[in-house]
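Let's take a friendly walk through a protein model, starting from a single residue and then stepping back to the whole chain. Have a look at the sequence and the structure first.

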Amino acid sequence: MKKCIQCGAIMENENETCLECGTKLGPALTEEEVQHLKKAFLERATKVEEKADFFYVSKQDKIVSVLLLCGVVMHMLLLYTIKQVETENYRLLVYIIMIWMTVEAFNVVNPKITWKIYQMRFSLKPTEPKELHAAEIALHLRRGIAFVTLFAGGSFLIFRVLHLFI
Ligand SMILES: [Zn+2]
């Protein structure tokens, strides 16, 4: 592993120049330096965890989660009651929507799962500060993504119900 002296990006040993800023890279870091870097990075990640607003699960989040699960059940009911009119591709689309809604139903009330996955990644390989920033954005956007999922899944459900009568 090499660290760019110009921008601080972490690069693989085989890289001669920094892929972020183009600066020529020096010698590889020692094992001790790599361990130090990993530790520093995890400490920073822990500080993010202490920012409770990223992890706060509001009543609204719980309602969205329940609505998403209800949507999945309704989609499933429609799938098994009107299956004779649905094509294979249509079924596949319904399955994808159902899986997407289920994942979001859990994600919106368990932000720590997303965070643990990022932390596991941090502990395997020390990475650039922007990766930590990406993790924060992912946590920050989780409510918005759950809303979009609810809107998309719900609209599709309404479309399917209307389709029964037309
Ligand atoms: Zn650089």
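Phe-159 sits in helix α6, which covers residues 129-165. Keep in mind that you are looking at a predicted model. Is Phe-159 buried or exposed? Phe-159 is exposed, because 9 other C-beta atoms lie within 10 Å, and a residue counts as exposed when that number is 12 or fewer.

Now try finding Ala-28 as well. Along the sequence, Phe-159 and Ala-28 are 131 residues apart. In space, 58 Å lie between their C-alpha atoms.

Let's step back to the whole protein chain. The chain contains 6 helices and 2 strands. If you follow the sequence, you meet these elements in the order β-β-α-α-α-α-α-α. The domain assignment splits the chain into two parts, listed here:

| Domain | Residues |
|---|---|
| domain 1 | 1-38 |
| domain 2 | 51-165 |

How far apart are the centres of domain 1 and domain 2? Taken over C-alpha atoms, the separation is 37 Å.

What about the overall shape? Along the principal axes, the C-alpha atoms fill a box of roughly 70 × 35 × 25 Å. The radius of gyration of the protein chain is 22 Å, whereas a compact globule of 166 residues would have one near 15 Å. Of the 166 residues, 14% count as buried.

Finally, consider the contacts between residues at least 6 apart in sequence: 64% of them join residues at least 24 apart.

Technical notes: Residues numbered from 1 in each chain as written. Predicted model: local features only at pLDDT ≥ 70, side-chain atom pairs only at ≥ 80, totals over all residues. Domains from an automatic or database assignment. Helix = DSSP H or I, 4+ residues; strand = E, 2+ residues; numbered from the N terminus. Rg over C-alpha atoms; globule rule 2.2 N^0.38 Å. Buried ≥ 20, exposed ≤ 12 C-beta atoms within 10 Å, placed from the backbone. Contact = placed C-beta atoms within 7 Å.
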